[in-house]
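The following note was prepared for a colleague reviewing this entry. Please read the numbered points with the sequence and the model at hand.

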Amino acid sequence: MMLGRLAIRQIPRYYKVSSRLINNSHQLSLRNVPAIRRLALVGLRRPFHSSANLLHRTASAEHGMATCGNPAPAFKFERLPTNAEPTHYDVRLSPCLNQFSFEGLSTVDVTIKEATDVLKVHAQSLLIQSVSLITNPGDAAKKLDTTYDDKLNILSIKLPSVLQPQKVQLVFKFIGELNDKMRGFYRSQYKDKDGSEKFLASTQFESTYARLAFPCFDEPIYKATFDVTLEVDSHLTALSNMNVISETPSTDGKRKVVKFATTPKMSSYLVAFAVGELEYISTKTNSGVEMRVYTVPGKKEQGQYSLDLSAKCIDWYNEWFDIPYPLPKCDLIAIPDFSMGAMENWGLVTYREIALLVDPGVTSTRQKSRVALVVAHELAHLWFGNLVTMKWWTDLWLKEGFASFMEYMFVGANCPEFKIWLHFLNDELASGMGLDGLRNSHPIEVEIDNPNELDEIYDSITYAKSNSVNRMLCYYLSEPVFQKGLRIYLKKFQYSNAVTQDLWSALSEASGQNVNELMSGWTQQMGFPVLNVTQRQDGNNRVLTVEQRRFISDGGEDPKNSLWQVPITVSVGSAPSDVKARFLLKEKQQEFVVEGVAPGEWVKLNSGTTGFYRVEYSDEMLTAMLPDIASRKMPVLDRFGLINDLSALLNTGRVSIAQFVQVAASSANEDEYVVWGAIDEGMSKLLACSREMSEETLKSAKQLIVKMFEKTGADLGFAEQSGEDSQKMMLRALVQARLARAGHQPTIDKFNQMFTDFLEKGTPIHPDIRLATFGVVARSTGKEGFDKLMNLRETTAFQEIERQAMIAMSQTPEQPLLAQLFEYGFEKNKVRPQDQLYLFLGTGSTHMGQQYAWQYFCEHIKEFLEKYGGANSSLFQRCLKFAGESFGNEKRAVEFQDFFCNCKDLTDTDRQTLARPIGQTVEAIRLNARLLEANRSIIENLLKQSNL
Ligand code: BES
Ligand code: ZN
């Protein structure tokens, strides 16, 4: 069976497209789905294999990770010894864009803290020409011997004798490659206006790639100051974290030497350089910081939106954090090849083009709001991450969770047109819960043992769950108290490092509460609770009995009996927007009395959906709320939360699809995009299951959906109406796309007509309905539409359109066309590696596509590993998940698992690195299967009774 995509934050936001437009039609959305180990426990048709290669649950299965049978002894990761630390680096690099190489000379001031005869630094893929030691300034340098551990990337430098604690200098001469793997110091390629191929060089050092550019103490704890000097061809622009202090001709007069001011004390992963033919636009913040947006030639105007916003953002954060941005400048640069969405290098923030550049008439509203979010996210890191840095990657959430929260705070306060908090619920809260409902989740504070696991934890737990937990805490303490605590934390640890406990202490100081006790359950345990609520009336009071247990998407038991301290808020029918009562649930089960509630009045928990938990009501309590959902008297955030909870409970088997359809039907008057999104997601599960049952069932399910969506579709039409808010066009696209997927012919015809009119008459398609339109064309018009989309992709100069055409084409139901697309994208390399994951994105919409994508992945895994730079690459891991997660039966789950155990192109270390992503995908596949089994007969009855 086809399945939806895991909402495993596999797609960072800036890459994200409105996923519901792409893949939901015949797929389950995995967002709410879940867990594999449980299935094994209850013996749910897990075929018995005697094969030694079968994935076993070993001891690490405690953490929900899959490992293959007889795993090789785990490689033991080592941190750098603490006997020495760097205080200052002088780094001189001379990159050559023609030869894809650079020469380097660096001097590192090192303080030896304990007597030693060996110093260790990180270095990787560098040809080290010499290492020398200077013990007293002015003395001659002594050449030293080295050894190298290529597993740990550690260069051990043998000192001439045991050195007592003192300050010394290490001098390195080396040569490196400007690689094409989007990490370290790398090259990026683009075509200039004459169509000739050009290169620029840029960096991506987080988490462990500064060592690819120069030898360094490449761990976040080692903060030092940096003097950077770049020698480049005279016609090129050279940028680094700081402002230029001198520009002089090189000794041979052919190049120029650009020297930058000394940075503040900072971690190595935040150093950055960029070299190329760049152009820029600039402005100044009110506080006097010089802001620039850099692009390759011809694109600088598209930076205007981000430039204005980023200047405003720096001023806003200056005030909110009460610490001024300490650098004289901040550049934002759009890099054509970029593995992530963006990177917060201090003073030189790098972005993929689509995450920074906006064309007002062409960029969709969602994409524009994502640009706003990503700009605000990276700038928040200038405080959360750069000024105060986590001690170790275990506390990665300290920067990612807070930058993620602050981006919404900024955009919410400064760009009200986006109604961004509505989107928060789907994109953050629901996405975090989607992943955290899996048994193969991990705690926010995650043990990082092997650096090869690092990329894998930049996921929906570290981002979306952390973000949601921050929002919950902010509501619980109140914004002023929360802000006060953050200010205390930032001031206390500025230019230094911190752990989670430090943050809790600052918030405790600000609030007078024991924040550690409240919060450690949320960051140290994986998962989150679902509250079961029942009620009784007692005079004028309502007595609630609330029981918590871990929400696991497969509905099974929690092996750990986890408990949380859950901040509960209550609202009631007579004042739906107010918080009527607050409680803190600490025990497994507690009773709470809400005073002054009339008999019959509804009572709802989690007002405003601010908590990171789900609620399961008794039938009676749920039924009482339905009229106010229908009339929209209940606030939108609550409607979303309620419906999203129900949709998630579908997979647990505790809510049936029939019950969900009943609630969805009472939402006929719903007018908010995000709520429709939650309804739509549940309906896509109905379609996904029906499709697996029979042609007849699928047909009836489609009819039911047409019946449910038709009136709304007719009311909305296709054209923008004057005075609408930003959500209306998105809603229109969502509803019409769903009708088209349900086979509603007039809707399909209308979309196709819009596309034809666009191509033939130049009639614009509204950016917010463009992806929906392309998708219908790809699914309904065969080769003809496919060729047109391909042509559009080739001729448009705009990345969002390129990407949307590609996603649409990947939904083609015709195998030869899909084969053509994959060959074009992967083998002929017509699609940048950073974007190739989009080729997988739409394939889950047909059986053929899912099968094709999986087979393609299996056959080309070696090339993928090579292209993306290994198993730790997040691009590789996303492809892996996309290639499997739409499957929906046990056979596929086993096949998927077995493939990775048997694959000769993977090493044991790779398998270790991939254990969690594989485990999550297998779990998702089993959840799809489970959903189908739980609902087969229910769907049959539902469709029979629906008078279609
Ligand atoms: N620090 C990250 C970039 C990063 C991610 C580096 C993973 C190394 C590994 C950056 O701040 C970030 O979070 N970028 C996000 C975008 C953001 C708006 C959520 C990304 O690239 O997905
Ligand atoms: Zn970040």
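1. In this predicted model, strands β19 and β20 pair in the parallel sense, and five bridges join them. Strand β20 covers residues 329-335. One point of register can be checked directly: Val 293 has Leu 332 in β20 as its bridge partner.

2. The connection between these two strands deserves attention. Helix α3, residues 304-322, completes a β-α-β unit with β19 and β20, and the unit is left-handed.

3. Strand β19 also pairs with β18, here in the antiparallel sense and over six bridges. The strands span residues 279-284 for β18 and residues 290-295 for β19. Within this pairing, Arg 292 of β19 lies opposite Ser 282.

4. How many residues separate β18 from β19 in their hairpin? There are five residues between the two strands, and the turn includes Gly 288, whose phi is positive at about 95°.

5. Turning to nonpolar packing, the largest nonpolar core contains 309 residues. The members that touch the most others are Phe 214, Ile 568, Leu 605 and Phe 857. Helix α15 (residues 673-693) supplies the largest share of this core, with 11 residues. Domain 1 (83-268) and domain 2 (278-526) each contribute at least three residues to this core.

6. The surroundings of Phe 857 can be set out individually. Leaving aside residues up to four places away in sequence, Phe 857 touches the aromatic residues Phe 840, Phe 864, Phe 876, Phe 899 and Phe 900. Its other contacts, under the same exclusion, are Cys 879, Leu 880 and Ala 883.

Notes:
Residues numbered from 1 in each chain as written. Chains lettered and ligands numbered in written order. Predicted model: local features only at pLDDT ≥ 70, side-chain atom pairs only at ≥ 80, totals over all residues. Heavy atoms only, no water. Pairing = 2+ DSSP bridges. Helix = DSSP H or I, 4+ residues; strand = E, 2+ residues; numbered from the N terminus. Right-handed = clockwise from strand over helix to strand, strands pointing away. Core = buried A, V, L, I, M, F, W, Y, C linked by side-chain atoms within 4.5 Å. Buried < 20%, exposed > 50% of the residue type's maximum accessible area, 1.4 Å probe, protein only. Domains from an automatic or database assignment. Contact = heavy atoms within 4.5 Å.
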